[in-house]
Amino acid sequence: MSGSHAILAAEEDAFPEGEGAPFGDREDVATQREGDERRGAERLAPERLADLAQEALEPEEEQQFFLPRHARGMAISLLVALGLAFAVSARMPAWPVGLATLVSAGLFAAYPWFAAIERRSETERAMRIGLLVIAVIVPMGCGGYALGSALATGLAWQWAVATLVCINAASAVLFSGRIASLFTAKLASWAGFVAMAAPALVTYAALLGAGLTLALIARVEWRAAERRRSLREARERVAARAEDILRSFEESGQGWFWETDRRGLITYISPKAAHVLARDPDALRGSPLRALIATGAQTAEAERALAFHLSARSAFQDLELRAAASGEERWWALTGRPVYDSYKNFCGFRGHGTDLTEQRRSEQQVSRLALYDSLTGLANRVQMSQALEQILAAPAKRERTCAVLMLDLDRFKQVNDTLGHPAGDALLRQVAQRLERVIGADGRCGRLGGDEFEVIIPGNRSRDKLDAIARDIIAVLSQPYNIEGQTVVIGASVGIACAPEDGASSDVLIRNVDLALYAAKDAGRGVARFYEPGLHAAAEERAELEQDLRDAIARGELQLHYQPVVFAASETIVGFEALMRWDHPRRGPLSPARFIPIAEDAGLIDRLGQWALQTACAEMSRWPDNIRCSVNVSALQFSNPELPTIVASALAHNGIDPSRLELEITESVFVSDTPGTEATFRALKQLGVRLALDDFGTGYSSLGYLRKAPFDRIKIDRSFVSGATEQGSRNGAIIAAINSLAEVLHMDTTAEGVETHDELELVRLLGCSHVQGHIYFAPMPADQATALVCGDLAARASGPQSARPPRHVLLRRVVVGHKGERHQATLRNLSEGGAMIEGLWSLGEGSVVRVEFTPTQTVTGQVRWSRENRVGIEFHTPLRAREDGTFTLPRAREG
């Protein structure tokens, strides 16, 4: 049973049907109801009812005192009655009689003073009895004495008895409810009267008998009055309790009450309900009940039900109706029942209302949570699935076309691990806002869970358009974020699938776009990939490779190879970099770029990293003390707060000087610059290990990292070294700037991926202190590295002079034109940028020539070198390579 129902039940139990509200008796309520109907069924407010209740309780409380507060009416009545008696007797009363009359009237007139004395809390019982004698016995006895004296002096006895009866009747009104005072007054008046009218022993005996009889009657009546008073007090307590409960229920806002008369007009409404309607309760009285309800299609059925119950005079419960409130939308549940009086006459309806607004809002919120992501406000997986199924189930074929983009945030887990989940939640909210800005009205965005988002773009869009949208998403989401005062950089990978060509059902389309997303991750992340049928085989291969990697780790099949690091000035080996290798039983040697991302996604990278650290330290223990070894540490490893402990354990277990170990850390560890990151750096430096910043310049805000982190070495990424010797390349300037910065910061620099003599000469010239690459050594197994450091540690460069595009060996006749002369020659090899031609003796370096492959296909170039009858020509316009390795030759201009 609800709270409001329980309150109403308590009220009805306390005051059964016909007894009315908790104020007054049945007759009073009936009289009040009749009066209300004559006055337009006007109902008193609760405050006025409380005042009436207080006034109704006062006589009951007064009855415990002998004296009422006022007796002016009794004094006047006594003077008038005795005055008429003296006038009828036609004789002036003797002075004792007149004095008795005045004393009697004066004592009654002084009742306010007597009552005040009696009501003092410290008044004792003896004092109260004394007041009873003075204020009741004396004045009533004096009155009887005066009347008896008038009878003795000629007043007719009939008149005297009638006057005495009138005086006693007035005293009965005065002392109503006070049994002791009433009987004492009557006895005193008769005693005074008969003492003067018939003074005899028998008279006094009769008075004594009458007194005893009255005392016995008074005792019986007193007990009956006490029982009635106890019952009334119990009812009053129930009434007060019910009133307090009802008022508390109204004030709590949980519900409110209403009442109508037999015509359906409101006679009472709680102020709370009137406040919701922005109306005054008095203004609502006399209005029909339907004035509280706002009409509308949503509540039409409930309105008809309410009208039926009111006309049929039947009870109703929890009718949900919209309140006629201006501004915000408010909903009520109305419950009511018909009310009848003691004669079974219909008096109207009485009931209560409950505010359903918050409940409805909660239901709407629950409904929203079922379809929307509570964190970002985007559509959730359920709603996105429904939207996609709705598009794919469209009746027209042209309406069933759409594109699905699946997004996964790169490096988001590191933010969660370093900054905490609240920061991760804040980052996801910002990602959602950016994603919605990029997509706009072109599609619908949703969050599927974790760091995975989905975009549905309806309609037929070209692959170029979809690719442009995906690149915009990646570019916008890759911009730095500000989270709790920290700068955070993440990325995004995007998979794209189109309906109906990539799937005609929701399940197939989602599966295929997932495959496209995995392909984007495998491609290095930060890119977009379309679904291709071959991705199924790739996904199966990836799953198989992951399982093989787990088995390989368990069986110890992975190995570390070591690539020497050479000091550029003396060309001596000073250390190695440990590189992980996996010789797959069936697939052969696999590149780390292929299985390391799988290890990261599968949660195996920390296990691999610890194994590599322990293995490198164990191998280094067999090398000379002046040889260092570098070990790569992934961002996931670095986020582990136990990393310093793991490093210290590996060093101590193998007895390695910490300065011989160098940890290579990529810029990805700085995606969240947190106190935890700085603490890890401090702990590692306190151990004494060296720190190297790997792949420098390929991330974000590298200069800021150098300022914050205590690095000992900067490794220049091979992407800057490769192509640095080409004409017009800016890579050399970048390498020079990095070396200058490292020199100022007292750091070493290592140029990675040096493969040609030209590149070696350039990095030396630009100031690189160390060189690593195939120009000296390729990565080698541990036993070869140990044998190498046991020698003289000298390194000799061995490799091509310069890097050049792949050349195709040919044997083809061509015509070479130079200064108007045409020479027959043989094409020996060909690349995109140039060719080697044999059979030309007279061309020197710098000569501009025209090579005719066919009469319609020619290309111009410049001689770069000439040796005997061979020349190397660099084309002015590079050729375009086909997928099969051949080249597209330009056509000669006509004329």
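Leaving aside its neighbours within four places in sequence, which residues is threonine 376 in contact with? The answer is Leu428, Arg429, Ala432 and Arg447. Keep in mind that this is a predicted model. Below is a quick tour of that threonine, then helix 19, then a run of paired strands and the serine that follows.

**Threonine 376 and its loop**

- You'll find threonine 376 in the loop that links helix 14 (357-371) to helix 15 (381-392).
- Threonine 376 counts as buried because its relative accessible area is 16%, and the cut-off for buried is under 20%.
- Its side chain makes a polar contact with the side chain of aspartate 373, at 2.6 Å.
- The side chain of threonine 376 also reaches a piece of backbone, namely the nitrogen of leucine 378, at 3.3 Å.
- So there are local partners in aspartate 373 and leucine 378, plus contacts further along the sequence, including Arg429 and Arg447.

**Helix 19**

- Helix 19 covers residues 506-522, which makes 17 residues.
- From first C-alpha to last, helix 19 reaches 24 Å, close to the 24 Å expected at 1.5 Å a residue.
- Plenty of names turn up on its buried list: Ser506, Leu509, Asn512, Val513, Leu515, Ala516, Leu517, Ala519, Ala520 and Lys521.
- Both helices and strands help to cover those buried residues. Among them are helix 15 and helix 20 (535-555), along with strand 6 (402-410), strand 8 (452-458), strand 11 (491-499) and strand 12 (528-530).
- Helix 15 thus appears twice here: it bounds the loop that holds threonine 376, and it is part of the cover over helix 19.
- Just after helix 19 comes glycine 524, with a positive phi of about 110°.

**Strands 14, 16 and 17**

- Strand 14 (residues 572-584) pairs with strand 16 (residues 628-633) in the parallel sense, over 4 bridges.
- One bridge between them joins alanine 578 to valine 631 in strand 16.
- Strand 16 also pairs with strand 17 (residues 661-666), again in the parallel sense, this time over 5 bridges.
- On that side, asparagine 632 has glutamate 664 of strand 17 as its bridge partner.
- Strand 16 therefore has strand 14 as one pairing partner and strand 17 as another.
- As a reminder, side chains in a regular strand alternate between the two faces of the sheet.

**Serine 634**

- Serine 634 sits in the loop between strand 16 and helix 23 (635-638).
- With a relative accessible area of 13%, serine 634 is buried.
- Leaving aside neighbours within four places in sequence, serine 634 is in contact with Glu600 and Ile605.

Key: Residues numbered from 1 in each chain as written. Predicted model: local features only at pLDDT ≥ 70, side-chain atom pairs only at ≥ 80, totals over all residues. Heavy atoms only, no water. Helix = DSSP H or I, 4+ residues; strand = E, 2+ residues; numbered from the N terminus. Buried < 20%, exposed > 50% of the residue type's maximum accessible area, 1.4 Å probe, protein only. Polar contact = N/O pair within 3.5 Å; in protein donor to acceptor, adjacent residues only side chain to side chain. Contact = heavy atoms within 4.5 Å. Expected span 1.5 Å × (residues − 1). Pairing = 2+ DSSP bridges.
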